[in-house]
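Let's take a walk through a protein together and look at its aromatic rings. Keep the 3D view open while you read.

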Amino acid sequence: MAQADPKARLAAAIAASIQGFTPADARRSWAELGLDSFALLSLRLAAEEALGRELTDAEWLSAASPGDLLAVSRAGLQPRPAAAAGVTLAEQVRLSMPHMAMGGLSEGWLFRALGDLHWRLVGAGLGVLPHQLADAGGRRIFPAFGRIRFEASAPLGAFEEGETLAFEASLQRFGAALFFSNVSVSSDGGRSIGAELMSSFAYPALEAGRLAAAQPVLPERCAVPGLEALPAFAAGFAERRQERDAPRPVLARCRYALQPQHDLNGLGLLYCAAYPVIADICEMRAAGDAARWGAAPGPLSRDVFYFGNAGRGAALEWRLHEPSLATLARDDGTVVALIETQRGDR
């Protein structure tokens, strides 16, 4: 019978979400318990599943500890908003010099284009311009990427200036704050790219380079269809995140000082598109043959798992663990990204 009680289910969900949780931890803050933005988002989803309803933003934001969260189990049920038809974007880009890198399509431009599509989809689904996204308190928030993956039918170096790329993108959500986009790119040159992106919501914390979890204000009839189960793409991120600090052999390493005008976005944070670029710069330095390395045909696929961020004045260390696997870490040792890369022939 205890399992049928929402409060008991919620208590079990909290205990399962916080490693080593004891009743004495009920009044400790989320920060004291070591929960970051993704862990808090996962906890909110688990709490909503246990309660059988969605938590309002006011309830969630008022819950500063497990004890506060348990208190909301006494609230009445609220219906889940009905899923709408969805939000999509379709557009074409003719590749010209700004879209190219030496030997082919610029991966930096591709990441920026994919991120921009995702942001615009989220804004369209919530009925606001991306720069107007806010939480219930009116504070500016933004989509913080957890994972971006693309796979191309040919190395990016095979895409040529003058080709036309046709982008088709769609968006789905899980809970109130986890958004997924799928992007299909086809070229009139017969090549294609498939991409998946995942984001939650965040705002810059007081400490530079750190993010705090945030919740968007969902309209009553949100245009973004909801998912019944957590997608495999997110489950893959969660698995990698659990392995973030696992010991790995280090085949090569390189220190990189952030270049604010190139690596940071308008919020003063490390831009999602800069992570693979930084990894490539460091790999090229470690290879010791820039001309040969730069003439390679480029990646077939890239999978970036974003675990953290960095701000102005920070330095990162790139570490190569396998030929296709690298990590980026801050000076304090915190791994901020894991990057898997499959390349064309070198």
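Before we start, one bit of vocabulary: a residue counts as buried when its relative accessible area is under 20%, and as exposed when that area is over 50%. Also keep in mind that what you're looking at is a predicted model.

Now for the rings. How many aromatic pairs does the structure hold? There are 6 of them, and we'll visit two. Start with Trp109 and Phe167, which meet edge-to-face, with 6.3 Å from centre to centre and 75° between their planes. This pair ties together distant parts of the chain: Trp109 belongs to helix H5 (residues 107-126), Phe167 to strand E5 (residues 164-174), and 58 residues separate them. Are these two rings buried or exposed? Trp109 and Phe167 are both buried.

Next, find Phe179 and Phe201. They also make an edge-to-face pair, this time with 5.6 Å between centres and 85° between planes. Here the link runs from strand E6 (residues 178-187), home of Phe179, to strand E7 (residues 192-204), where Phe201 sits, and the two are 22 residues apart. Why do we call Phe179 buried? Because its relative accessible area is 0%, and the cut-off is under 20%. Phe201 has a relative accessible area of 2%, so it is buried as well.

Rings can have charged company too. Take a look at Arg191: it lies over the face of Phe159, 5.8 Å from the ring centre. You'll find a similar arrangement at Phe305, where Arg240 lies over the ring face at 5.9 Å from the centre.

Methods
Residues numbered from 1 in each chain as written. Predicted model: local features only at pLDDT ≥ 70, side-chain atom pairs only at ≥ 80, totals over all residues. Heavy atoms only, no water. Phe/Tyr/Trp six-rings, centres within 6.5 Å; stacked < 30°, edge-to-face > 60°. Helix = DSSP H or I, 4+ residues; strand = E, 2+ residues; numbered from the N terminus. Buried < 20%, exposed > 50% of the residue type's maximum accessible area, 1.4 Å probe, protein only. Lys NZ or Arg CZ within 6 Å of the ring centre and 35° of its normal.
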